[in-house]
Amino acid sequence: MAAKEYEQGAVDEGIEETNERDAVDVLEFELDTDGFCVEIGYIAEIVNCGELTNLPSTPAHIEGVLNLREEAVKVINLKRLLEVGEEYTDEKLIVFKRKDGADSRLGWLVDGVRGVHSFPPSEVEAGGDEPGVEGVIRQGDDFVIWLDPARMRI
């Protein structure tokens, strides 16, 4: 699902998505030493993660809630959700734009941010069966896993 559709809510039934874009802009980030990315249109900002308030009776991958300029941001431990590593080396928080109808925003806890990159959709290789994994982008001998937050089970 494209970032613009994410902001506007669900995609209308019966409309097929296409990848006929010239290039996709993504924010590349790290979990341990692995590279991941997300389409830049979803992202509102990147901040250092501050003190969190625990949320009782929530799944283990929800770290808590952060007060970011008087707005609640639910913080997702992406390592726990994706089962990638344990401890964070540097706690950066990728804060997403508010999805229509949502009562709070989401943020992904990551180890670090590598930067913004563009690539043609033709460079995306098969992504697998996991919800939210759009595909894999080859960068030399390395791979970057492209995540779609609108399709992840959070």
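**Exercise 1. Locate Asp32 and describe its backbone and exposure.**

Asp32 lies in the loop between strand 1 (24-31) and strand 2 (34-39), where strands (E, at least two residues) are DSSP runs numbered from the N terminus. The model is a predicted one, in which local features need pLDDT of at least 70 and side-chain atom pairs count only at pLDDT 80 or more, while totals for chains, interfaces and linings use all residues. Residues are numbered from 1 along each chain as its sequence is written, and side-chain values use heavy atoms, with hydrogens and water left out.

The next step is the backbone: the phi of Asp32 is near 60°, a positive value in a residue other than glycine. For the last step, buried means under 20% relative accessible area, exposed over 50%, and partly exposed in between (1.4 Å probe, protein chains only). Asp32 has 33% relative accessibility and therefore counts as partly exposed.

**Exercise 2. Carry out the analysis of Exercise 1 for Ser57.**

Begin with the position: Ser57 belongs to the loop between strand 3 (43-48) and strand 4 (62-68). Although Ser57 is not a glycine, its phi is positive, at about 55°. Finally, Ser57 is exposed because its relative accessible area is 82%.

**Exercise 3. Work out the surroundings of Leu52.**

Leu52 also lies in the loop between strand 3 and strand 4, and its relative accessibility of 23% makes this residue partly exposed. Contact means heavy atoms within 4.5 Å; leaving aside neighbours within four places in sequence, Leu52 is in contact with Glu63, Val65, Leu66 and Val75. Taking Val65 from that list, the C-alpha atoms of Leu52 and Val65 are 5.4 Å apart in space, while the two residues are 13 apart in sequence.

**Exercise 4. Derive the strand order of the open sheet and identify its edges.**

Two strands pair if DSSP finds at least two bridges between them. Five strands form an open sheet in the order 3-6-7-5-4, with mixed pairing. Strand 3 and strand 4 are the edge strands, since each pairs on one side only. At the strand 3 edge, strand 3 and strand 6 (residues 92-96) pair in the antiparallel sense over five bridges, and Asn48 has Lys92 in strand 6 as its bridge partner.

**Exercise 5. Assess the cysteines Cys37 and Cys49.**

A disulfide is a pair of cysteine sulfur atoms within 2.5 Å, and a search of the whole structure finds zero of them. As to exposure, Cys37 counts as buried because its relative accessibility is 1%, and Cys49 counts as buried because its relative accessibility is 15%.

Technical notes. Helix = DSSP H or I, 4+ residues; strand = E, 2+ residues; numbered from the N terminus.
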